[in-house]
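Here are some short exercises to help you find your way around a new model. Try each task yourself before you read the solution.

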Amino acid sequence: MTDVKLAQPVPVDFTAMPAMLKRVIGLAMKYPWHMVLAIGAGLGATIFNLVIPRLLGRAVDQAHFLAGEVIPQAFQVHQGLLWTGLLLAGASALRGLLQMLSGYQAEYVAQRVGYDLRLAFFEKLQRLDFEFHDNTHSGDLITRGMLDLEGVRVFIEMGMQRFVMLAMLLLMGCWMLFSTDPLMAVLALSFVPFVAWQAFRTAIYLRLSWTKLQECMSVLTRYMEESLQGMRVVRAFAAKSFEMMKFDKAADLALRLSNRRIFGRTGSMSVMTLAFYTSMAIVLWVGGHRVQSGQMTIGHLTEILAFMTILQQPVRQITMIVNSSARATSSGVRLFDILDREPRIKDRADARELVITGGHLRFQNVSFSYATASGPKLILSDISFEVGAGRTLGIVGAPGAGKSTLIHLIPRFYDVTGGGITIDGQDVRDVTLHSLRKAVGIVQQDVFLFDDSVASNVAYGDPDAEDEKLFEATATSQLHDYLKLLPDAYDTRIGERGVSLSGGQRQRLSIARGLVPAPSILIFDDATSAIDVATEQRVRSGIRKAAGRRTTIIIAHRLSSVMNADEILFLEQGRIVERGRHAELVALGGRYAELFSLQSSADKVFPTPENRALTLEASL
């Protein structure tokens, strides 16, 4: 059984909690009036919380006075006891209302911060460069954007509010107790140092536990995402047991980590509660003797005990506060690790809009290397060519030759490491990414379609496009007649990743999507590999008519796709080894001619209608 490997484990910095919590609190302070209202209401609730023990103490003294049967003053004492009861009820009601208001405002701020973080996280994922996404699993990003973000949000709603309430209760309670009876105040609060030490130890333990658990949840999300996306592969290879084994092992690890965390939290809570009740027992013992000796009234002892009773629930919540803080710190480190990243591919400070005057594309001594753990890996070396408006460039070569990487440099999915790329004389690094990518359209071999209607997918690059424009694009990609026959025509939903369409239909839909925005530079990256040859010829013919004065680049394994190109580049190991028109390259007798001969031989061995169409075009 394969061991569960945690996704991108983050080293645990146990000193990070104060800075991280300060940052989270800073997010909450973006809503100052709501926070002021939450804290103010919490302060008011705390004051009434402290008034209640005073009123209880007075009521006990009054009741004790009545028990002494001092008849001349009985009526006044009865009235005083009644008023004390009314004040006690009023204080309790006001305390409840203020606590409700404080909790509502705290949750409002937490939800707003959660909303802000979701938008910021999603926006950052849109801007981070392809190199980041190449090396980061989407399952890990989903976990950070959902579970880790929730861990940060919950701290504002629960941990921060409870901490503020407990801190105010202790500070004001200490002042009131020490101002009246320092000895009893020391005894009543004797549990505080022990609880603080226990909370510190628990925070370190929970910090580590939450970090491991969040990483484990990333693994679970990754396994589930891959299994769902690859469901057909799983079924085809009868690999259900294997997938269940992987998921079960990760789920078991998550369960064990959760159990350890729960054990640590509840154990800490039990120890803190024991310390609290020990302090209460000491107060009761010493206070009882002092009441007996006449050094304090029974009402004053009741007041102290009532104050400690009020503290009982907050003390129980200390572990919850610590748990929330540890989770917010662990989650925040993972979340802000993404939010704090700066994309390598971004607009320069002085970037300007790309101005298209013709769409003339030029590569000048372009080189590109991928960054790897062992150092830079050279992919492209000394690539130079030009292709102007209304002309077509074909690029062929073996898999891994660098064809797709080359065209990904044009819209700056990656930046060149040597040389330069210009469009109408403007370096692509000097213009804004938005204007550049609006001018460059790429139709890729690996088609991604959204779980939406056909029309929404075709119009993705230009949501405001008229229906006639969509029909024209799908007619060019030889798909219009098929789409008209669907149950809801262009309003038909195509399912997740276009599952209701065949591979060729998905590619033709992708071609139509690339044509709708009418980019100045149109790139087809092996975009017809799943389309039969006869249909491909009709699609190519339609594209040639639709391209008009656009600059067109075609990457293909089928040479029939590039035979009519104005120039063809043959790439091998990141270098241009041959270039020219189809007839010139065949006459050259090099690698291109060898590939053409191989494909032509296959056509003769397998004389299908599609292959006959290929042979016919090759002979023209």
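A patch is made of residues with over 30% relative accessible area and no salt bridge (a side-chain nitrogen of Lys or Arg within 4 Å of a carboxyl oxygen of Asp or Glu); nonpolar side chains (Val, Leu, Ile, Met, Phe, Trp, Tyr) are joined within 5 Å, and like charges within 9 Å. Accessible areas come from the Shrake-Rupley method with a 1.4 Å probe, and for residues only the protein chains shown count as cover. This is a predicted model, where local features need pLDDT of at least 70 and side-chain atom pairs pLDDT 80 or more, while totals for chains, interfaces and linings use all residues. Residues are numbered from 1 along each chain, and side-chain values use heavy atoms, without hydrogens and water.

**Exercise 1.** Find the residues that make a nonpolar surface patch of about 200 Å².

Solution. Step one: select L43, I47 and V51, which make this patch. Step two: locate V51 in helix α2; helices are DSSP runs (H or I) of at least four residues, and strands (E) of at least two, numbered from the N terminus. Step three: classify V51, whose relative accessibility is 31%, as partly exposed, because that class lies between buried (under 20%) and exposed (over 50%).

**Exercise 2.** Decide whether Y414 is buried or exposed.

Solution. Step one: go to the loop between α11 (403-408) and β4 (418-423), where Y414 is found. Step two: read its relative accessible area, 8%, so Y414 is buried. Step three: look across to S369, 45 residues away in sequence and 9.8 Å from Y414 in space, C-alpha to C-alpha.

Methods
Buried < 20%, exposed > 50% of the residue type's maximum accessible area, 1.4 Å probe, protein only.
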